[in-house]
Amino acid sequence: MNFLLVIDLDNTLVGDDEATLAFNQHLQSKRSQICLIYATGRSHNSTCELIAQKQLLTPDYLIAGAGSEIYKDDKLDLDWAEYLSQNWDKIAIASLAQQFPQLKPQSPKEQNPWKLSFCLELAPTASSVLNDLQEKLAESGLAAQIIFSSNRDVDILPQTSNKGNALTYLQKRLQIPPDATLVCGDSGNDISMFEQDARGVIVANALSELLE
Ligand code: GLC
Ligand code: MG
């Protein structure tokens, strides 16, 4: 394998069934030359459901939970997990987040040991809520990053996490050079992929949060 293809799922690879099918057929013909990675905000379970439902190709690696987990053959990458666990106090961060009534926890299925996820449906004031949260985290000495996607989803992850850092970790492990790495995405949790050393495709239906 001499090419790394890292694709977001919702509204990038998936969203238009006809286009997904055509793209998959094209990809299938090059499959042996490509290391295929799906990078999604979804949990591992929810991603497996989507792969079955849309008949997507089986990836070589899955970056799930917005970069908080990496899977190979449905097995969690424990080195990545251990790396993210350093300097990460999920319990303290969760109790701090509880002080923000605007943050409504997402379903327990979307939470994992390295990801706290909420909904924030207050577009005009969302950025001030997120700034306050960032400040409170810093004041409390809690290392974390906040990722805002689709004008609604708030993910709090370890500082060392996110899709971009996860893809760079795999890129190094597989020894694939940046100019043979292509990342594709549409929304806020994809921004970190475009900050890495790689080529990129922002899909035509991308949201302004990524375009900006
Ligand atoms: C997916 C996940 C959700 C997350 C969002 C943004 O929708 O299900 O938990 O907040 O992506 O990363
Ligand atoms: Mg997407």
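**Group meeting: loops, strands and a ligand site**

Okay, let's start with a loop residue: Asn151 is partly exposed, with a relative accessible area of 49%. Keep in mind that this is a predicted model. Asn151 sits in the loop that links strand 8 and strand 9, and its phi is near 55°, a positive value in a residue other than glycine. For context, most residues other than glycine have a negative phi.

There's another one of these. Gln55 isn't a glycine either, and its phi is positive at about 50°. You'll find Gln55 in the loop between helix 2 (44–53) and strand 3 (61–64). Is Gln55 buried or exposed? Exposed, with a relative accessible area of 66%.

Back to strands 8 and 9, then, and the sheet they belong to. We have an open sheet of 4 strands, in the order 6-7-9-8, with antiparallel pairing. Which strands stand at the edges? Strand 6 (104–105) and strand 8 (145–149) do, and each has a single partner strand, so one side of each is left without a neighbour in the sheet.

Moving inwards, strand 7, residues 116–119, pairs with strand 9, residues 153–157, over 4 bridges in the antiparallel sense. If you want a spot to zoom in on, Phe118 stands opposite Val154 in strand 9. Helix 4 (residues 90–97) packs on this sheet and touches both strand 7 and strand 9; the direction of helix 4 makes about 15° with that of strand 7. Then there's helix 5, residues 126–139, which lies across strand 8 and strand 9. Helix 5 runs at about 165° to strand 8.

Now the other strand pair I wanted to show you. Strand 1 (residues 3–7) and strand 2 run parallel, joined by 5 bridges. At one of the bridges, Phe3 is partnered with Ile34 in strand 2. How many residues of strand 2 are buried? For strand 2, residues 34–39, the count is 6 of the 6, so this strand is largely enclosed by the rest of the structure. In a regular strand the side chains alternate between the two faces of the sheet. In strand 2 both faces are covered: Cys35, Ile37 and Ala39 are buried on one side, and Ile34, Leu36 and Tyr38 are buried on the other.

Last topic, the ligand. Which residues are around ligand 1? Going along the chain, we have Gly41, Arg42, Ala66, Gln106, Glu110, Lys115, Ser117, Ser149, Asp153, Asp155 and Asn189.

Let me pick out a few polar pairs. In Gln106, an N or O atom of the side chain is 2.5 Å from an oxygen atom of ligand 1. For Asp155, a side-chain N or O atom is likewise 2.5 Å from an oxygen atom of the ligand. In Asn189, a polar side-chain atom lies 2.8 Å from an oxygen atom of ligand 1. As for coverage, ligand 1 on its own has 300 Å² of accessible area, and the protein covers 84% of that.

I'll finish on Asn189. This residue is in the loop between strand 10 (181–185) and helix 7 (191–194). Even so, Asn189 is buried, at a relative accessible area of 9%. What is Asn189 in contact with, leaving aside its neighbours within four places in sequence? That would be Gly41, Ala66, Ile147, Ser149 and Lys163. Okay, that's me done; over to you.

Definitions and conventions
Residues are numbered from 1 along each chain as its sequence is written. Chains are lettered from A and ligands numbered from 1 in the order in which they are written. This is a predicted model: local features need pLDDT of at least 70, side-chain atom pairs count only at pLDDT 80 or more; totals for chains, interfaces and linings use all residues. Side-chain values use heavy atoms; hydrogens and water are left out. Two strands pair if DSSP finds at least two bridges between them. Helices (H or I, at least four residues) and strands (E, at least two) are DSSP runs, numbered from the N terminus. Contact means heavy atoms within 4.5 Å. Axes are lines fitted to C-alpha atoms, for helices over the stretch in contact, and angles run from 0 to 180 degrees between N-to-C directions. A residue is near a molecule or strand if one of its heavy atoms lies within 4 Å of it. A polar contact is a pair of N or O atoms within 3.5 Å; within protein, one must be able to donate a hydrogen and the other to accept it, and residues adjacent in sequence count only if both atoms are side-chain atoms. Accessible areas come from the Shrake-Rupley method with a 1.4 Å probe; for residues, only the protein chains shown count as cover. Buried means under 20% relative accessible area, exposed over 50%, partly exposed in between (1.4 Å probe, protein chains only).
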